[in-house]
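User: I've got a structure open and would like to talk through how its pieces fit together. Can you take my questions one by one?

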Amino acid sequence: MRDPYKVLGVPQDAGTDEIKAAWRSKAKAVHPDHNQGDPTAAARFAEVGRAYETLKDPKKRSLFDTAARMAEARVNGETIMQQRQAAREAAARAKAAQANAERVMEELARANAQKAAKAAADTAKQQHASPEAPEDVVERIFGAQTKATGAAAASTQANAGRRADAETAKTEAEIAKAQEESAETATPANGILQPLSMLTSLVRRFTGSAPAPEKAPDQLAQATVTIDDILKGNWINVQLGEGREAGFTLPAGTREGHQVRLKGQGYKLPNMQRGDAVISIHIAPDPRFTVDGFDLHTVLPVTLENAVLGTQARIEGPNGPVDITVPAWSGSDKTVRIPNQGLPDDNGERGDLVVELRIMLWEKPDDKVTDLMRSMREGLFL
């Protein structure tokens, strides 16, 4: 059901007189008698009547206002919950990364303590040797030689012959000077930097890469679709701002307020994973039907004599014309339900087409009918 305030064009704090005046104006403007060339006039006239029936009754109006507030609160609550969930996931990832780093530091400290004595004894011998790179130390400790190391060694051997002539050109004095500089650089500061480089290598080895960045909040958007779009499962495009556009296929079970989540198509913020786009579905007004869950409602005007005697009628359904039977003595509170003519749900079934009957009087008064109604009201029988 559409918002009755929007149907009558009145604010939510409108008084009874204002609502009644708006209803009279709208009903007169869309009455089928004044719009005989418009096939949607009857549906619009019935919609105005339903809106007035809702707002003129304080109880019904209160129920509608409460339902509208609850729907809005539910949407806001879901948005807040999604943002909180994203924050909790980011905190969990950060905590796991911190715990992993602490474990790596403990392993490194234990390994350094075990090798401290041996390293002190071998320091003098290693002063004139090429220092081992931190990455090589990590690979040697854990017994995993990478393909890149093997490729580099092969490349070095292949280039050794080509560099032989250049190496022989070095003098003994230059070699001695290089050894002295190497010994001078073996300071305590370098002894501290070496474990730090190893720690960095260990962190990269265990994690594979830097910790996953926090995910950006969801981007909310609305897509307006038609009843035919839902029935056919059409492809829908929605604008996300800044010239960006996303598309998706309407799934079975789509109804008013349904949300579609598009992974990785939301906000793109610095140093954060790209968020999701959450699309809220709004069903556009249709002159033929109103939507109630998965059911479609339509209005069938019935003359007084057909309401009393019953009749056969043909209406326009979502898939084409449908023949229905109007039972005898059918009032305006009577509905005729046609199964499996509504919107598809998520269980592979469809809702119903609900035909609401509306008794319509003749365009001109009839004296015989007027006399009959007067006698029935006043208790006089001819």
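**Sheet, helices and cores**

Analyst: Sure, with the reminder that this is a predicted model. To start, four strands make up an open sheet with mixed pairing, in the order S6-S7-S11-S10.

User: Which strands stand at the edges of that sheet?

Analyst: Look for strands with a single partner, so that one side is left without a neighbour in the sheet. Going along the order S6-S7-S11-S10, that fits the strands at residues 290-292 and 335-338. The edges are S6 and S10.

User: How many bridges join S7 to S11, and do they run parallel or antiparallel?

Analyst: S7 covers residues 295-303 and S11 covers residues 353-360. One of the pairs puts valine 299 with glutamate 356 as its bridge partner. The two strands run parallel, and the number of bridges is eight.

User: Which strands of the sheet does H3 touch?

Analyst: H3, residues 41-56, packs on the sheet with its direction at about 105° to that of S7. The strands touched are S6, S7 and S11.

User: What is the arrangement of H2 relative to H3, roughly parallel or roughly antiparallel?

Analyst: H2 (residues 16-30) packs against H3 with the axes 9 Å apart and an angle of about 170°. Angles over 145 degrees count as roughly antiparallel. So H2 against H3 is roughly antiparallel.

User: What kinds of residues make up the contact of H2 with H3?

Analyst: On the H2 side you'll find Trp23, Ala27 and Val30, among others, and H3 brings residues including Arg44, Phe45 and Val48. Sorted by type, the contact has three charged residues, one polar and nine nonpolar.

User: Is alanine 27 buried or exposed?

Analyst: Alanine 27 is in helix H2, and beyond its neighbours within four places in sequence it is in contact with Phe45 and Val48. Its C-alpha is separated by 6.0 Å from that of phenylalanine 45, which is 18 residues away along the chain. Buried means under 20% relative accessible area. Alanine 27 comes in at 11%, so the call is buried.

User: How many bridges join S8 to S9?

Analyst: A hairpin connects S8 to S9 through two residues. The strands, residues 311-317 and 320-326, run antiparallel, and arginine 314 stands opposite aspartate 323 in S9. The bridge count is seven.

User: Which strand gives the most to the largest nonpolar core?

Analyst: That core has 35 residues, and those with the most contacts inside it include Val238, Phe248, Leu300 and Val355. Valine 355 touches Ile315, Ile324 and Val336, among others, leaving out residues up to four places away in sequence. The top contributor, with four residues at 277-283, is strand S5.

User: How many residues are in the other core, the one with Val7 and Leu55?

Analyst: This core lies apart from the largest one, and Val10 and Ala22 are also among its members. Leu55 also appears in the contact of H2 with H3, on the H3 side. The size of this core is 13 residues.

User: What is phi of asparagine 271?

Analyst: Most residues other than glycine have a negative phi. Asparagine 271 has a positive one, and it lies in the loop between S4 and S5, exposed with a relative accessible area of 76%. Its phi is near 60°.

User: And where is asparagine 340, which also has a positive phi?

Analyst: Asparagine 340 isn't a glycine either, and its phi is about 60°. Its place is the loop between S10 and S11.

Technical notes:
Residues are numbered from 1 along each chain as its sequence is written. This is a predicted model: local features need pLDDT of at least 70, side-chain atom pairs count only at pLDDT 80 or more; totals for chains, interfaces and linings use all residues. Side-chain values use heavy atoms; hydrogens and water are left out. Axes are lines fitted to C-alpha atoms, for helices over the stretch in contact, and angles run from 0 to 180 degrees between N-to-C directions. Angles under 35 degrees count as roughly parallel, over 145 as roughly antiparallel, 65 to 115 as roughly perpendicular and the rest as oblique. Contact means heavy atoms within 4.5 Å. Ala, Val, Leu, Ile, Met, Phe, Trp, Tyr, Cys and Pro count as nonpolar, Asp, Glu, Lys and Arg as charged, and the others, Gly among them, as polar. Two strands pair if DSSP finds at least two bridges between them. A nonpolar core is a set of buried Ala, Val, Leu, Ile, Met, Phe, Trp, Tyr and Cys residues joined through side-chain atoms within 4.5 Å. Buried means under 20% relative accessible area, exposed over 50%, partly exposed in between (1.4 Å probe, protein chains only).
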